Amino acid sequence: MPLEIAAVVLLAALLHAVWNAMLGAGEDRTLDTVLVAGGGSLAAAAALPFLPLPAAASWPFLLASVAIHIAYFAALIGAYRGGDFSPSYTLMRGTAPLLTALGGWLAGERLAPSQWLGVLLVSGGVAAMGTLGRRAGAVTSRATAWALSNAVVIAAYTLVDGRG
């Protein structure tokens, strides 16, 4: 992978973690989520005049991804309202790769046993980071339900975006 691409991916990961931490710490999670999504939309809109239009075959996937991302933000708000940020975030992000791999498997993609092991180790490790050793009440059943629902949504947009 070229260094420039790796740098952009790492920057995106950093920005993602920062805005999720801001949402998790904010007082009005709905307003904060709208502001983050709106800010990202404005930045993307500013780049549109300099980019080619997507291929016609991509439009259904693009529209599906928009709808799935609306569900993502709704579930994100629910997870952060229901419990502490750290367990909710790590449960969402730790479970999503496993669900994505399972969804890909159902769609006919095959992973080698070593790849499955890697998915299990990453998913288990990330999910455990936010839940092990937490104080009582930090991980509520409501937050867990929202976080797991959002992991399904994350897997869905990952598969749709990959296909599109």
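**Helix contacts and buried residues in the predicted model**

A147 has its place in helix α6, in a model that is predicted. With a relative accessible area of 0%, A147 is buried. Leaving aside neighbours within four places in sequence, the residues in contact with A147 are A79, S88, L91 and M92. The C-alpha atoms of A147 and G130 are 12 Å apart in space, while the two residues are 17 apart in sequence.

One of the residues in contact with A147 is S88, which is found in helix α4. The relative accessibility of S88 is 3%, and this residue therefore counts as buried, the limit being under 20%. The side chain of S88 reaches the backbone oxygen of A79 at 3.2 Å. When residues up to four places away in sequence are not counted, S88 touches A79, Y80 and G83, and also A143 and A147. A79 thus appears among the residues touched by S88 and among those in contact with A147.

Helix α4, which spans residues 85-106, also holds T90. This residue counts as buried at 9% relative accessibility, and its side chain reaches the backbone oxygen of P87 at a distance of 3.4 Å.

Y80, one of the residues touched by S88, is also touched by G24, together with R29 and F85, not counting residues up to four places away in sequence. G24 lies in helix α1, which covers residues 3-25, and counts as buried at a relative accessibility of 10%. Between G24 and Y80 the separation is 56 residues in sequence, whereas the C-alpha to C-alpha distance in space is 5.8 Å.

Y80 and R29 also take part in the contact of two helices. The axes of helix α2 (residues 29-47) and helix α3 (residues 59-82) come within 10 Å of each other and cross at roughly 145 degrees, and the crossing in which α2 passes α3 is right-handed. On the side of α2, the contact is made by R29, T30, T33 and A37, and on the side of α3 by F73, I77, Y80 and R81. Sorted by class, the residues in this contact of α2 with α3 are four nonpolar, two polar and two charged.

F73, which belongs to the α3 side of that contact, is also part of an aromatic cluster, in which ring pairs link Y72, F73 and Y157. A pair of aromatic rings is described by the distance of the centres and the angle of the planes. In a search of the whole structure, two aromatic pairs are found. In the pair of Y72 and F73, the ring centres are 5.1 Å apart and the planes stand at 70 degrees, so the pair is edge-to-face, a term that applies to planes over 60 degrees apart. In the pair of Y72 and Y157, the centres are 5.7 Å apart and the planes are at 85 degrees, so this pair is edge-to-face as well. The pair of Y72 and Y157 links distant parts of the chain, with Y72 in helix α3 and Y157 in helix α6 (residues 141-163), 85 residues apart. Y72 is buried, its relative accessible area being 3%, and Y157 likewise counts as buried, at 12% relative accessibility. Helix α6 thus contains Y157 of the aromatic cluster and also A147.

How values were computed:
Residues are numbered from 1 along each chain as its sequence is written. This is a predicted model: local features need pLDDT of at least 70, side-chain atom pairs count only at pLDDT 80 or more; totals for chains, interfaces and linings use all residues. Side-chain values use heavy atoms; hydrogens and water are left out. Axes are lines fitted to C-alpha atoms, for helices over the stretch in contact, and angles run from 0 to 180 degrees between N-to-C directions. Helices (H or I, at least four residues) and strands (E, at least two) are DSSP runs, numbered from the N terminus. A crossing is left-handed if the near helix is turned anticlockwise from the far one by less than a right angle, and right-handed if clockwise. Contact means heavy atoms within 4.5 Å. Ala, Val, Leu, Ile, Met, Phe, Trp, Tyr, Cys and Pro count as nonpolar, Asp, Glu, Lys and Arg as charged, and the others, Gly among them, as polar. Rings of Phe, Tyr and Trp (its six-membered ring) pair if their centres lie within 6.5 Å; planes under 30 degrees apart count as stacked, over 60 as edge-to-face and the rest as tilted. Buried means under 20% relative accessible area, exposed over 50%, partly exposed in between (1.4 Å probe, protein chains only). A polar contact is a pair of N or O atoms within 3.5 Å; within protein, one must be able to donate a hydrogen and the other to accept it, and residues adjacent in sequence count only if both atoms are side-chain atoms.
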